[in-house]
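Me: I'm new to reading protein structures, and I'd like to see how it is done. Please pick a single part of this one, look at it closely, and then connect it to the rest.

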Amino acid sequence: NQILNNQNIIHFSMIKASEKVDAGDVILRSQLKLDGTEIYQEIREKSSYTIIKLIIKFLKNFPTFKLEKQKGHGKFFKKRKSDDQELKINKSIKANFNILRTANNEKWPAFFKYKKNKYIIKIYKNK
C-alpha cells in the first residue's frame, strides 16, 4: 500500500502486544529504502531482510530496550485482493508501474480489461 502511494521509504515497527490492535509501545523501528524499480519478489526479499535485522537487534538487546509510546493513530490498510491489480488502460505504463511492481505474477498478476476480455500482464526484471 505504501508503494502504491508512491512511497519508497517503508517503515517497520516492532511493538509490544496489547489489548488493542497496533496500540502497544514501540520496541524498535527500522526503515527500508527502495529505489523505485524493485518488483514484487525483490520487495519481499528486502522487506524480509529488514524484519530479520530488526528481530536480531531485538534479541541482542533483550531485555534492555526502552519502550516508546506511540504517537498518533495506527494506520490500517485493507487487505489487497486480485481485483486491486487492475491497470488503468488509458494511463501510461509509468503511471501504472507501482501496480505492476507490486503484482505477484502467479497469485495476483496485474491485468486490464478491454472489450469484455481480461488480459493478464506479468512483469519480470531483465538483469
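**A lysine over a ring, and what surrounds it**

Reply: Let's begin with K118, which lies over the face of F111, at 4.2 Å from the ring centre. Keep in mind that you are looking at a predicted model.

Where do these two residues sit? F111 falls within strand β3, residues 110-114, and K118 within strand β4, residues 117-121. The two strands run antiparallel and are joined by 5 bridges. To see one of these pairings, find A110 in β3, whose bridge partner in β4 is I121. Now follow the backbone from one strand to the other: β3 and β4 make a hairpin, with 2 residues between them. One residue to look for in the turn is K115, which has a positive phi of about 50°.

Next, place the hairpin in the whole. The protein chain has 2 helices and 4 strands, and from the N terminus on their order is β-β-α-α-β-β. So that you can see another strand pair, go to the start of that order, where β1 (residues 9-15) and β2 (residues 26-33) also run antiparallel, joined by 7 bridges.

Strand β1 is a good place to learn about faces. In a regular strand, the side chains alternate between the two faces of the sheet. In β1, the covered face holds I10, F12 and M14, while I9, H11, S13 and I15 are on the uncovered one. F12, from the covered face, has S30 as its bridge partner in β2.

Between the two strand pairs in the order come the helices. Helix α2 covers residues 93-101 and includes N96. What makes N96 count as buried? Its relative accessibility is 5%, and buried means under 20%. The side chain of N96 has a polar atom 2.9 Å from the backbone nitrogen of K88. Leaving aside residues up to four places away in sequence, N96 touches L87, K88 and K91.

Since we started with a ring, let's visit some others. There are 5 aromatic pairs in the structure. In one of them, the ring centres of F58 and F65 are 5.3 Å apart and the planes are at 40°, so the pair is tilted. F62 and F65 also form a tilted pair, because their planes are at 40°, with ring centres 6.1 Å apart. Ring pairs thus link F58, F62 and F65 into a cluster.

How accessible is each member of that cluster? F58 counts as buried, because its relative accessibility is 18%. F65 is partly exposed, with a relative accessible area of 24%. F62 is exposed, since its relative accessible area is 52%.

Finally, step back and look at the overall form. The protein chain has a radius of gyration of 18 Å, whereas a compact globule of 127 residues would have one near 14 Å. Along its principal axes, the C-alpha trace spans about 60 × 35 × 20 Å. Of the 127 residues, 28% are buried. Among contacts between residues at least 6 apart in sequence, 53% join residues at least 24 apart.

With that picture in mind, return to the hairpin of β3 and β4 and find K118 over the face of F111 once more.

Notes. Residues numbered from 1 in each chain as written. Predicted model: local features only at pLDDT ≥ 70, side-chain atom pairs only at ≥ 80, totals over all residues. Heavy atoms only, no water. Buried < 20%, exposed > 50% of the residue type's maximum accessible area, 1.4 Å probe, protein only. Polar contact = N/O pair within 3.5 Å; in protein donor to acceptor, adjacent residues only side chain to side chain. Contact = heavy atoms within 4.5 Å. Pairing = 2+ DSSP bridges. Phe/Tyr/Trp six-rings, centres within 6.5 Å; stacked < 30°, edge-to-face > 60°. Lys NZ or Arg CZ within 6 Å of the ring centre and 35° of its normal. Rg over C-alpha atoms; globule rule 2.2 N^0.38 Å.
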